[in-house]
Amino acid sequence: MGSGWHEWPLVLFTVLGQCVVGAVIVMGLAWNSASNNSELQQKMVRAMFFIWVLMGIAFLASVMHLGSPLRAFNSLNRVGQSALSNEIASGSVFFAVGGFWWLITVLKKMPLAIGRVWLAATMVLGLVFVWAMTRVYQIDTVPTWHNSYTTLSFFITVVLGGPLLGTLLLRAVDYSFHHIKLAALSVLALFVAVAIIVLQGSELAAIQSSVQHASALVPDYASLQVWRIALLALGLGCWICPLLRRVQPKTPGLLIGFILIVVGECIGRGIFYGLHMTVGMAVAG
């Protein structure tokens, strides 16, 4: 029982990895939209360095969970058969393809046409990576995970953290890219997150085994979720409030907002891992 923070390597891996995927998509779309300004494109590419640093931190956390790099390599032995192997393989391919695109582009060796296709493939691979993450937790003997809330929650993190991280990096290079539309998308994701909390919270009371009730797994479920939503709202507020005043958000404010989003989603992911319950036969209702 508890908040699930004992699984902090997985919390960091999933949350940071999903934020990176969202940021790559935002930065990729912005890079394509600036095709007539090669100097600006180069600034964007250099700023993307921080995205790949976060991806590296995420993978380092996942290796810490597995115990050693050797176990990470061994886990690839069942690609196509094991959801865990598929997750690591898809994440590695996304990281390698995207990182190589970044390296060639920052060295100014990437032809524009090939770069567009390569970057589009990276964006798609990122979404495949997140989808593979969700499949790891679709286990029929874990009724608190084996549902659509898991899949939705993982993709919501992409939409909550990714656009803000992308906007932060674009603001650092003095480029404004559809601020209002991106912010509106993240606000919509926040509303969906609230709906999931309410719906899942009401269903936990109906899930039980012969020895435990799902609602007892995280006794502070409600209060932790309140903290999570408050942090997410504050994080988005650092981005949205300046826009409502018709001024450009400042880089420090966006950075604080992104940190708040990450902390909020880490709380939510901790709750997710805290809800783990393995049963031979689940009883609902």
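Buried means under 20% relative accessible area, exposed means over 50%, and partly exposed lies in between, using a 1.4 Å probe and protein chains only. The model on screen is predicted: local features need pLDDT of at least 70, side-chain atom pairs count only at pLDDT 80 or more, and totals for chains, interfaces and linings use all residues. Residues are numbered from 1 along each chain as its sequence is written, and side-chain values use heavy atoms, with hydrogens and water left out.

**Stop 1: Phe272 and Tyr137**

Select Phe272, which is buried at a relative accessible area of 10%. Add Tyr137, also buried, with a relative accessible area of 5%. Rings of Phe, Tyr and Trp (its six-membered ring) pair if their centres lie within 6.5 Å; planes under 30 degrees apart count as stacked, over 60 as edge-to-face and the rest as tilted. Tyr137 and Phe272 form an edge-to-face pair, 5.3 Å centre to centre with 85° between the planes. Tyr137 sits in the loop between helix 6 and helix 7 (148-172), Phe272 in helix 10 (residues 251-274), and 135 residues separate them. Helices (H or I, at least four residues) are DSSP runs, numbered from the N terminus.

**Stop 2: Thr150**

Next select Thr150, in helix 7. Is Thr150 buried or exposed? Its relative accessibility is 2%, so Thr150 counts as buried. Leaving aside residues up to four places away in sequence, Thr150 touches Thr134, Tyr137, Gln138, Trp145 and Phe272. Contact means heavy atoms within 4.5 Å.

**Stop 3: Phe59 and Phe95**

The structure holds 19 aromatic pairs. For a stacked one, select Phe59 and Phe95: the centres are 5.6 Å apart and the planes differ by 10°. Phe59 belongs to helix 3 (residues 49-66) and Phe95 to helix 5 (residues 83-106), 36 residues apart. Phe59 is buried at 13% relative accessible area, whereas Phe95 is partly exposed at 26%. Widen the selection to Phe13, Trp52, Phe94 and Phe129, which ring pairs link with Phe59 and Phe95 into a cluster.

**Stop 4: helix 1 and helix 6**

Finally, select helix 1 (residues 8-33) and helix 6 (residues 112-136), whose axes come within 10 Å and cross at roughly 155°. Axes are lines fitted to C-alpha atoms over the stretch in contact, and angles run from 0 to 180 degrees between N-to-C directions. The two helices are therefore roughly antiparallel (over 145 degrees; under 35 is roughly parallel, 65 to 115 roughly perpendicular, the rest oblique). Among the residues making the contact are Phe13 and Gly17 of helix 1 and Gly126 and Phe129 of helix 6.
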